[in-house]
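Biologist: I would be grateful for a close look at a single part of this structure, explained for a first-year student. Please connect the details into one account.

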Amino acid sequence: MSSEALIPALLAAAWLLPLLGFVIQILWGPKSSRTSRASALIAVGCIAAGFVFSLSAFVLWGSGTGWAALESHGHDEHGAAHASAHGEASHEAEDHGHSHDRDDAHGHSHDAPAGEAAAHGEEAHVADGGHDAAGDEEGESAAVDAGTGSLEVITGNFYTLARFGSLRIAIDYYIDSLTITMFVMVTLIATCIHLFALGYMSDELTEDHVDHSVHLPGGKHLHRPGRFYRFFAYMSLFCFSMLGLVLAGNIFQVFVFWELVGICSYLLIGFYIERKSASTAANKAFIMNRVGDFGFLIGLMVIWTWFGTFEFGTVEVDGAAQAGLFEMVRGDDGQLTVEDGNVILHGEGQRTIPYQLLVIAGLGIFAGCVGKSAQFPLQTWLPDAMEGPTPVSALVHSATMVAAGVYLAGRFYPMFTPEVLLTIAYVGCITLFVAATIAIVATDIKKVLAYSTISQLGYMMLAIGVGGWFAGLFHLITHAFFKSLMFLASGSVIVGCHHEQEMPRMGGLWRKMPITAFSMLAGVIAISGLAIPGTTIAFSGFHSKDAIVATALGYTQLNPLHFLLFLVPLVTAGLTAFYMFRLWFYTFAGKPRDQHIYDHCHESPAVMTVPLIVLSLFAAFVAIGGEEGPLAGMLKFSEPAGVSAGLTAGEPALIALPSADYIHGHVDAAGQLIPEDSGRMSPHAEAGLYALLVAFAGAVLAWLLYGLRIVNPAEIGRHLSGLHGFLVEKWQFDTLYDVMFVRSTRVVAGWAAAFDRVVFDGFLHSVCRGTVNVSRWDRKFDESIIDGLVNLVGDSVFTVGRSLRRVQTGHLRQYVMFIAVGVMALFVLLFAFAPR
Amino acid sequence: MIRLANDPQYRKVLPDMGTIGLEHFLMVGAVLFVAGVVCMATRRNAIGVLMGVELVLNGANINFVAFARYMPLGLDGQVISLFVIVLAAAEAAVALAIALSFYNSHLTVDVDRGDRLQG
């Protein structure tokens with residue numbers, strides 16, 4: 001079996017195993033004992049096997065491409081060394097001879113738009129419309145042979161469900177390095193979370209679970225059977241849905257799994273369904289997502305109407321290759337071709353789509369991403385989703401639900417026009433700022449993490465919007481690791497403190513739970529983006545956030561009008577560091593605030609701490625090597641064509657996107673080369689410096705306020721009570737939506753109810769009354785006329801019979817006389833009256 | 001019937017035998033019939049009633065045979081009268097059985113006593 005066929009099979013196995021686990025658990029779970037861990041072990045086994053399959057697909061793919069993706073391609077001296085140090089990729093070391101070359105080999109060669117490729121030798125990186133490859137022309141390019149071309153993007157069809165005319169509804173796959181990276185990431189994190197949940201959910205392993213948050217009338221608490229197996233069944237379904245979404249080869253399939261992810265999050269957020277807050281939060285999450293999905297549907301319709309296909313990549317249909325969406329819109333060079341307000345579509349036939357409709361399609365799909373990734377203005381569901389058990393929060397916030405939105409935005413990047421990208425950038429920008437400010441005042445440990453997730457998702461969206469495709473997805477992966485780590489750590493704290501979630505009642509916990517505290521610290525440092533100044537030695541978050549801020553800076557330098565797109569993320573980087581360190585100091589440092597909780601606090605068992613340690617290692621080192629490291633290489637390998645080349649203003653919109661070379665300071669805004677020794681600071685270095693400064697400032701401020709406690713933060717809150725209240729009330733978003741939508745809906749519903757009552761009910765009632773009256777008359781008619789006639793006939797027959805009775809005397813001789821007389825009478829009558 | 005015999009249309013099929021013709025046979029049949037009916041209506045004895053029935057049947061038989069002889073009916077009249085004779089025999093057997101049974105229960109064969117079936 002060739003690896004081209006084996007990789008989809010492996011990934012499909014990784015995808016379907018959790019479904020198998022779900023089916024087994026949901027069928028067998030109700031029959032098994034409530035105190036048995038067996039079903040949970042099935043779930044863990046399925047997802048762990050999925051991880052193994054994903055990893056082997058990764059290895060297969062890597063060896064098939066000669067590990068080209070992991071090679072450093074840049075001006076990085078120690079990239080290869082970093083790469084080989086990387087945990088899961090240590091087997092790639094064979095091949096670093098060919099660092100700089102892998103585009104021309106695989107039949108994908110494009111004309112370098114800037115002809116200077118040959119001009120500046122080895123260190124020059126003129127993007128050439130292909131992936132991101134350096135255009136150096138040394139003789140080794142053949143080393144990564146033509147065979148790798150087929151593994152770049154593997155598309156195909158598992159099963160065709162239906163065909164309506166030319167519309168195919170099919171289960172397809174679209175596998176590139178992004179898919180494989182996502183698979184490994186999702187399955188790895190999900191495995192850790194499943195393991196953690198084994199410990200976290202163990203209080204459900206009982207026949208009689210008491211839910212202390214549900215108060216029944218009479219001052220009692222709710223008693224119910226434990227739901228251990230159900231939790232794990234839902235988790236398995238969740239993983240299945242997310243993996244299906246990642247593997248999907250067409251946008252319709254994405255939509256199906258998109259909804260599956262939504263329903264799983266609904267089930268899990270509402271896991272403690274008896275709690276009013278949990279069921280409300282589940283509904284809120286589901287309904288908020290429906291709002292975004294409405295846009296998604298509109299996008300789907302536009303795509304179907306104008307493109308006639310849902311496929312991402314080129315697939316074979318009836319033996320003929322049919323161009324996918326990306327191919328149609330972007331062609332080979334990754335640029336839109338616009339004529340007279342129409343976008344010329346590549347592929348067979350001379351099809352076009354009006355530019356405005358392409359914008360609408362992009363905005364529609366993005367609306368779906370807004371709902372799923374909790375972006376402004378649909379962000380309010382995510383903090384409420386904290387009602388679910390903590391492992392669910394960890395899964396929702398890192399690997400599955402919210403990642404789906406960013407993943408789709410990244411996957412669908414070739415379909416987005418510059419206007420759509422600008423919208424994405426601003427939505428991300430607003431989101432990241434709003435969420436970060438709320439996180440500063442939140443006191444619930446999980447709420448802080450929830451808002452930080454929203455904020456980080458905003459960063460990802462912003463990155464995608466400003467043309468930093470790679471930066472956004474880079475942050476998606478690194479964030480998944482440290483955010484799942486931090487959620488699990490907070491879960492460990494919550495269990496240790498006996499379900500206390502308010503940080504003002506914690507403090508000093510690091511002495512009691514050191515493993516949790518220090519793995520959490522790794523996550524905090526990672527998300528804050530701290531690094532050793534002057535080097536790039538840092539945890540993962542630094543690299544990805546650096547990439548985002550740098551792209552944003554490049555963007556604002558090219559489009560000075562949109563300076564906020566750099567300023568806001570920069571300030572928020574400081575806020576991020578502040579609120580994350582605030583969380584850590586609040587929880588783990590200083591003196592205990594509540595002695596009772598502190599005394600009863602304990603470190604979690606190994607089943608919970610081992611995933612923490614694993615994840616903290618990944619949170620720290622997954623992005624090792626920064627933008628030249630192996631993870632970055634994996635992602636850049638599937639970067640859509642034309643992204644790293646940037647975009648010049650005026651074609652097709654008045655927005656310029658920075659090219660990768662511009663960000664790294666190799667060319668200036670006009671595309672002219674900058675000499676190495678010009679001493680000019682590249683946007684990347686500049687932005688990195690600023691970001692590091694504000695991050696340190698934020699961290700130090702948090703240390704002063706919450707670590708040393710030089711000022712009581714509550715005092716500051718009192719002084720700024722207006723602002724503080726505004727932030728505590730989450731920018732009044734819930735109130736605003738309540739006024740705008742909930743109450744107005746209720747008013748309209750009241751009108752509708754009154755209309756129903758008065759008009760519809762009145763009409764119906766009068767119709768009914770009329771019918772009753774008509775029926776009454778009809779009854780009278782029946783009773784008098786119809787029945788009367790029938791009775792008359794019956795009565796008269798009866799009367800005649802009664803009168804004839806006397807004739808029948810029983811005397812035989814009399815009958816004979818009657819006969820004789822009758823015959824005589826007949827004769828007489830015959831002779832008298834018969835006509836002659 | 002007299003008119004029928006005098007009808008010139010039938011004159012040629014009637015044998016020119018002077019005195020005895022279809023009318024005479026019909027007269028005998030009518031007399032027998034009336035005698036039978038009167039017997040049935042007047043006799044109280046069940047046996048007598050049966051005898052009356054026989055008279056009526058035979059009166060009818062004479063008519064059949066006479067019409068068969070004087071009218072172009074072929075053998076149909078004779079065949080029907082044979083049927084009637086057979087039927088009469090069967091009827092007599094049943095009727096005598098009824099009479100016997102009636103006697104057993106009532107110790108009489110007076111038909112006026114059997115008025116249970118009155119309305």
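Modeller: The account below begins with one helix of chain A and then turns to a pair of helices and to chain B. Please bear in mind throughout that the model is predicted.

The part chosen is helix 17 of chain A, which covers residues 514-528. A helix of 15 residues, at 1.5 Å a residue, should span 21 Å, and the end C-alpha atoms of helix 17 are 21 Å apart, so the expected and computed values agree. Directly after helix 17 of chain A comes Gly529(A), with a positive phi near 75°.

The surroundings of this helix may be considered next. Of its 15 residues, 11 are buried, and helix 17 of chain A is therefore largely enclosed by the rest of the structure. Towards the start of the list of buried residues stand Thr516(A), Ala517(A), Ser519(A) and Met520(A). The list continues with Ala522(A), Gly523(A), Val524(A), Ile525(A), Ala526(A), Ile527(A) and Ser528(A). What encloses them can also be named: the buried residues of helix 17 pack against helix 15 (445-465), helix 16 (469-496), helix 18 (540-558), helix 19 (564-588), helix 21 (606-621) and helix 24 (683-708), which belong to chain A.

Another part of chain A shows how a pair of helices can be described. In general, two packed helices are described by the angle between their axes and the distance between the axes. For helix 10 (residues 355-372) and helix 13 (residues 401-411) of chain A, the axes come within 8 Å and cross at roughly 155°. An angle over 145 degrees counts as roughly antiparallel, and these two helices of chain A are therefore roughly antiparallel to each other. The crossing of helix 10 past helix 13 in chain A is left-handed. Helix 10 contributes Ile365(A), Phe366(A), Cys369(A) and Lys372(A) to the contact, while helix 13 contributes Met401(A), Val402(A), Ala404(A), Gly405(A), Leu408(A) and Ala409(A). By class, the residues of this contact are 8 nonpolar, 1 polar and 1 charged.

Chain A also touches chain B, in a contact that takes 11 residues from chain A and 12 residues from chain B. On the chain A side, 4 residues are nonpolar, 4 polar and 3 charged. Chain B itself has 5 helices and 0 strands, giving the pattern α-α-α-α-α along its sequence. Of the 119 residues of chain B, 18% count as buried. Among contacts in chain B between residues at least 6 apart in sequence, those joining residues at least 24 apart make up 45%.

Technical notes:
Residues numbered from 1 in each chain as written. Chains lettered and ligands numbered in written order. Predicted model: local features only at pLDDT ≥ 70, side-chain atom pairs only at ≥ 80, totals over all residues. Helix = DSSP H or I, 4+ residues; strand = E, 2+ residues; numbered from the N terminus. Buried ≥ 20, exposed ≤ 12 C-beta atoms within 10 Å, placed from the backbone. Contact = placed C-beta atoms within 7 Å. Nonpolar A, V, L, I, M, F, W, Y, C, P; charged D, E, K, R; others polar. Expected span 1.5 Å × (residues − 1). Axes fitted to C-alpha atoms, helices over the stretch in contact; angles between N-to-C directions. Parallel < 35°, antiparallel > 145°, perpendicular 65-115°, else oblique. Left-handed = near helix turned anticlockwise from the far one by under 90°.
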